[in-house]
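Thank you all for making the time this morning. I would like to walk through one model with you, slowly, and I will take a sheet, a helix contact and a single residue in turn.

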Amino acid sequence: MVSTIQNTDVKQKDADHAVVVAITSHAAFESGADDGDEVYREGVAFPLLQALQKVNERLLEENPAESLLFDVILITTDSQQQQQSSRVISSTRHYGLEVSRFCFSSEEDFIESLQKNNVKLFLTTDTNEVTQASQTGVVSVLLDQQTAVCPSEQLRVMFCGDAVIRPDTGPMPLTRQAAQSFSTQLGEMRQKFGMFDSPLSFILVTSHGGRESCRGALQMLRSRGVSVDEAYCLAGAPRGPMLSLVQPHFLLRDGYSSLEE
Amino acid sequence: MVKMSLDPVQVMSGQVKELKVATSSNGDSRGSWEEKEEFDQDHLASPPSQNQHITTALPSLVHMEYTSKVTGRRARKVEGGVFFPKPENAVTVAVSSRVLFRTEREQKALETVNARLRELYPQSEELFDIVLVTYNHAHVGIRLINTINHHNLFIERFCMTGGSSPIGYLKAWHTNLYLSADSEKVREALAEGIAAATMFMPEKLTEVSESQLRVAFDGDAVLFSDESERIFKAHGLDKFFEHEKDNEDTLLDHGPLKGFLEALGKLQKKFYAKGQRLDCPIRTYLVTARSAASSGIRALKTLRAWGLEIDEALFLAGAPKGPMLEKIRPHIYFDDQMFHVEGAAEMGTIAAHVPYGIAQKHNPKQKTSVAK
């Protein structure tokens, strides 16, 4: 059973052109067991939400009639939060989050919400949900504590430049196609800003290969309309220290089967 | 092994002149690069050089084999990619893009050392590793890599930070030495405890060895702290000598490049351990205004106490450094005083300014970095 409620505080986006991003309320808000207050605490996805908002703000600054915007919807699958749907809504309003719709569904049919809303990117803290959504071809990202410490003024999307040769296992997985078209849309958004001071930044990290791997990845991304802002070619150096400096909000697995992080 | 250089010109007046603070021009004086932080424009459009790599259409290869036509050298390969040392094991030299494209000979010398180390210690990760750390925006990434290919440079690791400060990445790479043409970035690195120096290229380069890497250091405020220079500044030459004599048995405090000398020494010892002392492809020099018979003693004692060997110590007692450097032909010379850096560059030596210590306070403010 899926129910959708519009957020009247926020102007609805153009469904034909907006890029729908779904975030679970579990990622957006921390719900402690003993929450007596009306309003939930900020969750790990908060800086990410703010960054998405920032991109929209700046897009509209460039062009007030812009329709290629992020359309953020909040999906609540958590049964506890479901019972407190009004709290989800009031918390969203309290923080002034630019969420256009609320979807309440069970774990079993949240996929339906994704499909009905034409979701291009699904963000959650739940591994099962990531797996389920990926299987239906929706680009899904697992958020964690790392996301919580990312900047809120700029959306930082990371691409992994490593590739592994695999024998052709048939048709391209659905998510790969979806990831590619999603990144192309991001690339389009990025074009609306200058080289520096952009609210959207693309970062390429090549972990294992040397400069040729990196060049290949840069070319591949460019051919897809993604112009990379920062590039790190590690050639085997440990990723951890680099990533804590780079601070990407999430990694977009875009056409590469990336090696284990 | 220490060779005392006895310069016939050891008169008081000469000493006074040389120990004075350099009142020379700012950091961007003649000899430094005028071009903005961008690599060689001439080669931007060039296609990848044919002899360098086996490239395929994407996705790229698991195995990569590099054979450089120039040296016929192969990089070792392991499954999953090319073999590279872990940053904490290697002697990591981080360079900016301007430095990268103007130090081909120096990089060749590092590679020569590496080749010899690999012969003796095939499994060891204690090698030189050059990393490009630049705030270039990655939109020039492809051109940058093409240019690296074109110059046949052996560099596989880089950070293009797209405008944000590269300093954090220097730490992440366990950088042993950072070289940039941008003195602001160099100061930032020094402030973070990373050995760093601002590169100055001579208009005409003297020839340097291809088979032996030679690194020369000034003493005070480079290998050692600037404490003695402070005494000289505040109280003059007599007090300086007095102070040095009184404190002959007290170690000098360390300077910003001590760690780098240490790293070089560690590699040298690996050659000595295999009986290659005479034939060692790394040679270090101390080129100091101190005097052999007096103030130099403290310097030597300090080095000895630190367990650091320097191959040649040249005590100039205040005489100009240029002619000595011309004799030594180091690949690079580090000094904290612009006067000496410029002097070295005039004689065709690549000199690097270490903007540390009391000598900097008396220089006019350095120009801020050129526009990107």
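Let me begin with a question: in what order do the six strands of the open sheet in chain A stand? Please keep in mind throughout that what you see is a predicted model. The order is S1-S6-S5-S2-S7-S8, and the pairing in this open sheet is mixed. Strand S1, residues 3–6, and strand S8, residues 140–142, stand at the edges of the sheet in chain A, and because each has a single partner strand, one side of each is left without a neighbour in the sheet. Direction ignored, neighbouring strands here are turned against each other by 20° on average.

Staying at the S8 edge, strand S7 of chain A, residues 119–124, pairs with S8(A) in the parallel sense over three bridges, and A:Leu123 has A:Val141 in S8(A) as its bridge partner. Helix H6 of chain A, residues 127–135, packs on the sheet and touches strand S2 (19–24) as well as S7 and S8 of chain A, while its direction makes about 165° with that of S8(A).

Let me now turn to a place where chain A meets chain B. Two packed helices are described by the angle between their axes and the distance between the axes. For helix H9 of chain A, residues 211–223, and helix H4 of chain B, residues 141–150, the axes come within 9 Å and cross at roughly 145°, and the crossing of H9(A) past H4(B) is left-handed. On the H9(A) side the residues in contact include A:Arg211, A:Glu212, A:Arg215 and A:Leu218, and among those they meet in H4(B) are B:Ile142, B:Ile145 and B:Asn149. Taken over the contact of H9(A) with H4(B), the residues divide into five nonpolar, four polar and four charged.

Next, chain B as a whole, which has 12 helices and 12 strands. Of its 372 residues, 60% are buried, and chain B exposes about 15,400 Å², of which carbon and sulfur atoms supply 53%. If we consider contacts in chain B between residues at least 6 apart in sequence, 77% of them join residues at least 24 apart.

Finally, a single residue in that chain: is B:Thr302 buried or exposed? B:Thr302 lies in helix H9 of chain B, residues 295–305, and it counts as buried because its relative accessibility is 0%. Leaving aside residues up to four places away in sequence, B:Thr302 touches B:Phe224, B:Leu251 and B:Leu252.

Conventions: Residues are numbered from 1 along each chain as its sequence is written. Chains are lettered from A and ligands numbered from 1 in the order in which they are written. This is a predicted model: local features need pLDDT of at least 70, side-chain atom pairs count only at pLDDT 80 or more; totals for chains, interfaces and linings use all residues. Side-chain values use heavy atoms; hydrogens and water are left out. Helices (H or I, at least four residues) and strands (E, at least two) are DSSP runs, numbered from the N terminus. Buried means under 20% relative accessible area, exposed over 50%, partly exposed in between (1.4 Å probe, protein chains only). Contact means heavy atoms within 4.5 Å. Accessible areas come from the Shrake-Rupley method with a 1.4 Å probe; for residues, only the protein chains shown count as cover. Axes are lines fitted to C-alpha atoms, for helices over the stretch in contact, and angles run from 0 to 180 degrees between N-to-C directions. A crossing is left-handed if the near helix is turned anticlockwise from the far one by less than a right angle, and right-handed if clockwise. Ala, Val, Leu, Ile, Met, Phe, Trp, Tyr, Cys and Pro count as nonpolar, Asp, Glu, Lys and Arg as charged, and the others, Gly among them, as polar. Two strands pair if DSSP finds at least two bridges between them.
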